[in-house]
Structure formats: structure tokens, C-alpha cells
Amino acid sequence: MSFVLDQISYRVGEETFIDNVSLRLEPGSMNVLLGPTLSGKTTLMRLMAGLDRPTAGKIIDNGVDITGVPVRKRSVAMVYQQFVNYPTLSVYENIASPLRVAGLPKAEIEARVGRAAALLRLEPMLKRTPAQLSGGQQQRTAIARALVKQAKLVLLDEPLANLDYKLREELREELPRIFAETGAILVYATTEPTEALLLRGQTATLWQGRVTQVGPSATAYREPDNIDAARVFSDPPLNEVSVTKAGAMATLESGRKVPAEGVLSGMPDGVYRLGFRADAVTIGHPQPGMLSFPGTVSVTEISGSESFVHVDTGLGTWVCLVEGVHQWEPGDRTEAQFDPGRAFVFGSQGQRVTAPGLAATA
Amino acid sequence: MQSSAANRVGMALYILFLMVPIYWLINLSFKTNPDILASLSFWPQHPTLENYQKIFIDPDWHASFLNSISYVLINTVISVAVALPAAYAFSRYRFVGDKPLFFWLLSNLMAPPAVYAMPFFNLYSAVGLFDSIWAVALAHCLFNVPLAVWILEGFISGVPREIDETAMIDGYSFPRFFIKIFLPLIANGIGVAAFFCFMFSWVEQLLATTLTTVDAKPIAGMMSRAYSAAGLDWGLLSAAGVLTMIPGAIVIWFVRNHIAKGFALGRV
């Protein structure tokens, strides 16, 4: 019953947009495509939908090769980031559109549209045209149209990116529930790691047209398979530093030698790249077990109960997490306190050697 | 607002200057020939409907009006119908030579119709199309189809491609999508394109008079009959001139809303 992408690639001329992607999507599952802009999320969705045809590989639905089947013969629905509706039709007709084309009886159409409109709280707006709705209502109309079709594959391409945060939170909660009844395979593209974690389900991280990791969202977050997956799944961006381990000491890029403690303690000698998220570095007085790096503040981002302070340490600009609201001015001298027990260790090929809380696997 | 009074005066003067020739034409059409040739007068001294009567009772004049309107309407329908799929293709698809082809189409607009009069004359004589409204309607496609393609392409490119895709995903066949979803979206563009086709075809004289003789004589051809050995029939010509402006005015009245939106949105 599953939907399988079998080694698909998409190239136009010299440019590779999707590079040898294989995925297996199960009915009723929530699948998040996580990747930065231009990583190929939309292209991959268009291939899944059948709007574009892969230049290599096969798409198999329930054991049947549907690679060449045109989009209008497939059981698929799609919601775009921009609110796409038919401007000249009423909201009712917009939602009913796929059912009218399918030639369903009038009573059935009315029932299904009514149910979808109730779920998405569009009942008072059914007679209006999309231009008379707010952005959130327009997107709910698009979602309702995807819902009534009861398609097997529902593609949501950053559906909430253009909405304000309150609506986003609401709809993010509701979306999986709304589609749960239909048993559809949900594919949800987003640029935001937090969104991937909130949606749970399975996450595939995308980087430059390749899937760098697939797995349950929380696992993918905690145990990125490689440095690309870790970069994609980190917001604020992953802090990185290269080290050369020799015996009990490790040498940083700057030439500074530090004790090979924490994650590095059990590693064989060699060159590694450490990646650590903002929560593994803080600012303040040196504490036991922490490595201290003097640096200069370049930016402070305050996000509610926490502040992200960007500190230029001479080894790159690190983003440090500080509890509470603090205001450092650019240029302030400070010390970044790094917890060596909370770094991911990647090998020279970018493969993960170990992650915090895991036994060394190399 | 200090400038608004000046603005209004400026606007009034501008409109006045624009209206002078039109007023003068109307003025002449209600005068008798001796009146016209006598002294300058700003309104008819001896108002008469004689000029209009001549036109209304003469079947030749009716026929020429009818001929002109027929080929203009046929031309407008053909031009827009042919230009729609072409403009859609230019807007939505990339194909080898699409851009050069698009500009080559436009270059057709730059050649004076006189250049094409001779080849059309010869060709139509050979295939027996000569002296029919179809001859003129088809000849005018030469400049109206590229014009309509150019205008419509701008409007079509203003419609997000995602709407086409959403329709495909919803299961629409292409013709059904095009008629039910797409045409209403570019209604303003179609209005603007049709208006310009109508206008250019209506005012074009050279091809219209060269490609017809008796059966399909257009209004312009009829007007040339008013120049005779006995001199110019000023009043008659003026009345005919007033009447030729009417269809244009009617068309503008009907499509004025589309055109206003079209001018604001698209490529005109």
C-alpha cells in the first residue's frame, strides 16, 4: 500500500535538482521534508505529484509503476505556499472543484464540501470569492480543496509559511488531525527544524537535492547521520569547529590545545569536525568541565525567554543560547562556554562518529 | 489645495482641444455645402439633416457600413481566437526559438500595410477571395494577430502557473480548464485585445480599399466617392465621418471597465 520513490533524479541540462532520492511513504503517515530554500523540497514534491517527470528512477504506488501517469489521473492533492485558489469561483466552488470534475452526484458534493468547510471553519465564507478572504482563510480554502478530494497522497508545500504565527500554530496542530480520517500519506515541506519536530512523524532532511537522512523526527534531530543532516536540522545554524586529536590532547584550528574530554575522550586519534547546537554553548564565567573561548559579540537575537548571542571567537561565529532576556551590544567582549560533552563528532567525510548520549560507534 | 484649480483648468483646456476637431466634424455634418463654403461659423446657420438623409436612403452607403462592420467583427473574432492559444504557449512553455519568434511576430506590426497590399491583391485574385469581406478580415489578421498575442501574453503571464497546476491536480482536462477556469481569469485581457483589434481593423483603409471593389466596398471606399468632378461634398463626408465614429464609441462603452482594469494590469 506504500508510495515509493525508487532512486529518482531530476536534471535539467547540466543542473541536478534531485539526486538519486529513495523514499518510502506509508499510508496515514506524516512525512516532513526538511531543508533550506533551494534544497529541492518543491522539486521533489512536483515529482511526487507528477507535475514533472523524473529524469531517472521510478515512482511506485502500491506496487504499480506510475512514473509516466499524468498528474490528472493520479490520486494526489497539493497545497502551495502561496495561497492558490481559483479567483473567479466562490469558496464553495473552489472546494467542490475536484469533485465536480470527478462527476460526483450533487448530494455527495454538498455533503463533502460541507464537512470540509466545517472542519476548516469556512462555513460563513462559502459564498465569497477568495479575494474577499484573509490570507489564513484563503489557505484554509486551498486545504479544504485538498481534503475533499480524499486523495491518497497529499502534498503540503510550506503551507503555513505565509501565515502569521498564531494561525500557524493552530493549523499546524489541526492539519494532521484533519487528514487522519482520510488515511492519506501526508508530505509536508518546511524550512524550519522546529516545525518538523512539532509535526512528529518521519523527517527526511534534504540538502542540495539529496536526502541526507530519513527517520523519526526526534531521532533525526538527536542523532543526525552526517554533518549535512545536522546542519539542515539546526536552527540557529550549527556551530562547527575542526579538531585534531592526538592522545589526551586535541588541537583546534587556532592552534590552541585543549584536553580531549567529553565526546572526544574515547575517540581514536585523527581529524574530526565538531558540531554543536546553540544550547551547548552559553556565555558567562568559566565553569568546571566547560571550555572557555574569549570572543566579541556581533549580534543578539532575543526570542522570548531566551537570547541567542552570536559570538565571534576567532574560530568562526558561534551562536550561544542564554536563558532569559539579555542585551549584549555588538563589540562587547565576552567568553563563550562550550560543553564538550554535547557536541556531535563527524569524521573527515562528514559521517557521524558519535552523538551526545551515544556510545562511540567508530 | 492650491494646485487643484489649476489642474482643473488645465484638464478642461486639454479636453477642449481634443474635442475641437470632433465638434467641427459634427458642426459640418449639419451644414449645407453653401453654408460650409461661405463664411466661418461656429454652429450651423441653416441646420439640416439632408446629409444624413442621403446616407440613410442610399443602399450603397448601408452596404458599405455593413461590409466594414462585418469584416471588422470577423477579424476580431479570428484574431483573438488564434492569439489565445499562441499567447498561452508563449507564456507557459519554453521551446526552441520562442523568444525570437515572439519578437518576429511583433515585427509584423512595424511593416506598413502598403507593403502587403500588392501580395495580398495578387494572392486573393488567384484564389478567388478578392472583393469579399473575408479578404479584408484575413488581411487584417496580419497585424491584429501579433498585436493580440502580445497583449494576451502579458495578461496570461500575470496568472500564476500554480493555478494551471492546481487545475491539473484537481483533474481538469486541458480544454475544460481553459474554458472554465482560465478564460474568466483573463477576461480583461481578452476585452483589451478585442478592443484593439476592432479599432485597428476599423480604421485601416489601405488594405480594405485595395482588396475590394464593388461587393465588399468598405466605408472608406464609399467616402472616396464623395470626391467628384463637381468638387467635394463636404456635408456628406462629414456626416459619414460622424457615423464611422459611432461603432468605435459603442465598443468603447461596452468594454470600458475591462479596458480600465486592463490598462492597470497588463501590457498595452
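This passage looks at chain A as a whole and then at the nonpolar cores.

The model is a predicted one, in which local features need pLDDT of at least 70 and side-chain atom pairs count only at pLDDT 80 or more, while totals for chains, interfaces and linings use all residues. Residues are numbered from 1 along each chain as its sequence is written, with chains lettered from A and ligands numbered from 1 in the order in which they are written.

Chain A fits, by its C-alpha atoms, into a box of roughly 75 × 45 × 35 Å along the principal axes. Its secondary structure comes to 8 helices and 21 strands (DSSP runs numbered from the N terminus: H or I of at least four residues for helices, E of at least two for strands). Of its 362 residues, 43% are buried, that is, with 20 or more other C-beta atoms, placed from the backbone, within 10 Å of their own. Take the contacts (C-beta atoms, placed from the backbone, within 7 Å) between residues at least 6 apart in sequence: 65% of them in chain A join residues at least 24 apart.

As for the cores (buried Ala, Val, Leu, Ile, Met, Phe, Trp, Tyr and Cys joined through C-beta atoms within 7 Å), the largest has 149 residues, and those touching the most other members include A:Val154, A:Leu155, B:Val136 and B:Leu152. Helix 7 of chain B, residues 133-157, chips in the most, with 16 residues. Apart from this core sits another of 6 residues, B:Trp61 and B:Ile219 among them. Beyond its neighbours within four places in sequence, B:Leu152 is in contact with B:Ala83, B:Leu84, B:Ala87, B:Ile186, B:Gly189 and B:Ala193.

How values were computed: A residue is buried if 20 or more other C-beta atoms lie within 10 Å of its own, exposed if 12 or fewer, and partly exposed in between; C-beta atoms are placed from the backbone. Two residues are in contact if their C-beta atoms, placed from the backbone, lie within 7 Å.
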